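Please look over the sequence and the structure shown here before reading on, and keep both in view while the text moves from the whole chain to single residues.

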Amino acid sequence: MKEIVIGFLGCGNVGGGVWELLQGFAPEIAHRDQLSVRVKKILVRDVNKARSCSVPRELLTTVPEDVLCDPEITLVAEFMGGEQPATEYLLRALQNGKTVVTANKVAVALNWHKLQAAAQANHVGLYYEASVCGAIPIINALMTPLQANRITKLMGIINGTTNYILSRMSAQGESYDAVLQDAQKLGLAEPDPSSDVEGMDAAYKLSIMASLAFHARVPFKAVYREGITRVTAMDIACGKEMGYVLKLLAIAKRDGNTIEVRVHPTFLPQNHPLSSVDGSFNAVYLHGHACQEMMLQGRGAGDMPTASAVVGDILHAAMVDVHVHPTFANQAEPAKELTFTNNWTTKYYIRVSAIDAPGVLSAVAGCFAKENVSIASMMQKGSVEDGRVPLVFITHAASEQAMQAALADMDPAVCRLESMIRVED
Ligand code: NAP
Ligand code: HSE
């Protein structure tokens, strides 16, 4: 029987799940893989804090070196979160010859090049399946079975917290604040949940996924980002009436050397495969020239789904002879030949409140027409309030620049913009 001795950095939602999964699954791991995994030390902030997992108190430490410098520990599993000190600790672990398994998308997205260089220089592994989409094996899928594809499009629901919030707001019309608190209680949200609702978490994950999908470094700073904090129940209801479902989508498209990467609330047709992905489920829908269309779906957050990915990485790392790393030039800056564009083409949902007077509709239509934005459908929603009436438009595909110019042309005294949501199909 082979024994691997490991250390944890962190023991919160994810760390507790990893501990429980390793304990409960140990007999099968021993029987099936002839492997025993022993957790020797666990770094936390406060050893006296009450914990819901069954970790023995004597394993806990507040001294990073107890994990990073113990020669018996050959693998460090990190679920502290945040860029620092996590990145510094991961680099020290790699430099000390330890393989790293991490669930930390911030550290990977921002410092991947440094981590990978340290892993390669020290002939150890760097694994981060849990950093993107919880239990869904998307990293492995992109690195191995999908390698034979030129992937041109990838769209995903990659944040469980916001999908949980939007699903409940859509189904039951519940308030944003109450649902966010439930997501936190379920252990789905980030230690700072603004990272979820402002779209940062999804943007970190998209930077990692798009880099692997396009075999080119897609830096976090290239990702356009809008969160869900300005989403209203009224827009969800109007979209529903027009046949759409609202999701926080992460979208990556590549056309030659031009890449667009964006995270924002998006309306999808009700019959789109991603539209029925609800609650804390995540899904990634992609197109490759050989595999064509495919969707991977599963639990994207929570202690056990995330632990599933972490423990999978630990077992894989313990059993392989050679660690494999992505082959694209993993540097801080993207390759010079690539262009990142914010002028994508998509359809738009526009809600305005317009003065209830003759000629107003043609004035709005005139702003669209001037920029060559064509209207596909229109709906008047609700009744006149303060002399204004809510109007909702869905456009045909238009460029982002044209749409922004059309909105800038509108006179708010006559027609005030209430919301603009992009529509994909
Ligand atoms: P969490 O519950 O807040 O746990 C963080 C743990 O790290 C705690 O045990 C904390 O110690 C420890 N810690 C934080 N900063 C530290 C420091 N400076 N020194 C020592 N220990 C420190 O967070 P989580 O939800 O488990 O998430 C952890 C990581 O997993 C994040 O990177 C997150 O993005 C990622 N992730 C989370 C999920 C999810 O569903 N929650 C899913 C996938 C990936 P104390 O316990 O003493 O406070
Ligand atoms: N807070 C993250 C989410 C955890 O809600 O998706 C999984 O990365």
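The paragraphs below describe the overall form, then the domains, then one sheet, and finally two residues.

What is shown is a predicted model, and the values discussed here are computed from it. The protein chain has 425 residues and a radius of gyration of 24 Å, which agrees with the value near 22 Å that a compact globule of that length would have. Along its principal axes, the C-alpha trace spans about 80 × 50 × 35 Å. Buried residues account for 55% of the 425 residues, while the chain exposes about 17700 Å², of which 51% is supplied by carbon and sulfur atoms. If one takes the contacts between residues at least 6 apart in sequence, 73% of them join residues at least 24 apart. The secondary structure amounts to 13 helices and 18 strands.

The domain assignment divides the protein chain into three parts: domain 1, which is made of two segments (2-134 + 307-319), domain 2 (138-299) and domain 3 (345-423). Between the C-alpha centres of domain 2 and domain 3 there is a distance of 26 Å, and these two domains touch each other through 16 residues of domain 2 and 14 residues of domain 3.

How are the strands ordered in the open sheet of six strands? The order is 3-2-1-4-5-6, and the pairing is parallel. Strand 3 and strand 6 (126-127) are the edge strands, each of them pairing on one side only. As a general point, strands of a sheet pair through backbone hydrogen bonds, in either a parallel or an antiparallel sense.

The start of the chain shows how part of this sheet is put together. Strand 1 (residues 2-9) and strand 2 (residues 35-43) run parallel and are joined by eight bridges; one residue to look for is Gly7, whose bridge partner in strand 2 is Lys41. Together with helix 1 (residues 13-33), strand 1 and strand 2 form a right-handed β-α-β unit. Strand 2 also pairs in the parallel sense with strand 3 (residues 60-61), here over two bridges. In strand 3, Leu60 is the bridge partner of Ile42, and Thr61 is the bridge partner of Leu43.

Two residues can now be examined in their surroundings. Met143 belongs to helix 5 (residues 138-143). Once its neighbours within four places in sequence are left aside, Met143 is in contact with Tyr128, Leu212, Val324, His325 and Pro326. The C-alpha atom of Met143 is also separated by 9.4 Å from that of Thr327, a residue 184 residues apart from it along the chain.

Is Thr306, the second of these residues, buried or exposed? Thr306 counts as buried because its relative accessibility is 6%, and the cut-off for a buried residue is under 20%. Thr306 is found in helix 11 (residues 303-319). Not counting residues up to four places away in sequence, Thr306 touches Val14, Ala103, Ala130, Gly134 and Ala301.

Note on methods: Residues numbered from 1 in each chain as written. Chains lettered and ligands numbered in written order. Predicted model: local features only at pLDDT ≥ 70, side-chain atom pairs only at ≥ 80, totals over all residues. Heavy atoms only, no water. Pairing = 2+ DSSP bridges. Helix = DSSP H or I, 4+ residues; strand = E, 2+ residues; numbered from the N terminus. Right-handed = clockwise from strand over helix to strand, strands pointing away. Rg over C-alpha atoms; globule rule 2.2 N^0.38 Å. Buried < 20%, exposed > 50% of the residue type's maximum accessible area, 1.4 Å probe, protein only. Contact = heavy atoms within 4.5 Å. Areas by Shrake-Rupley, 256 points an atom, 1.4 Å probe, with all protein chains shown as cover. Domains from an automatic or database assignment.
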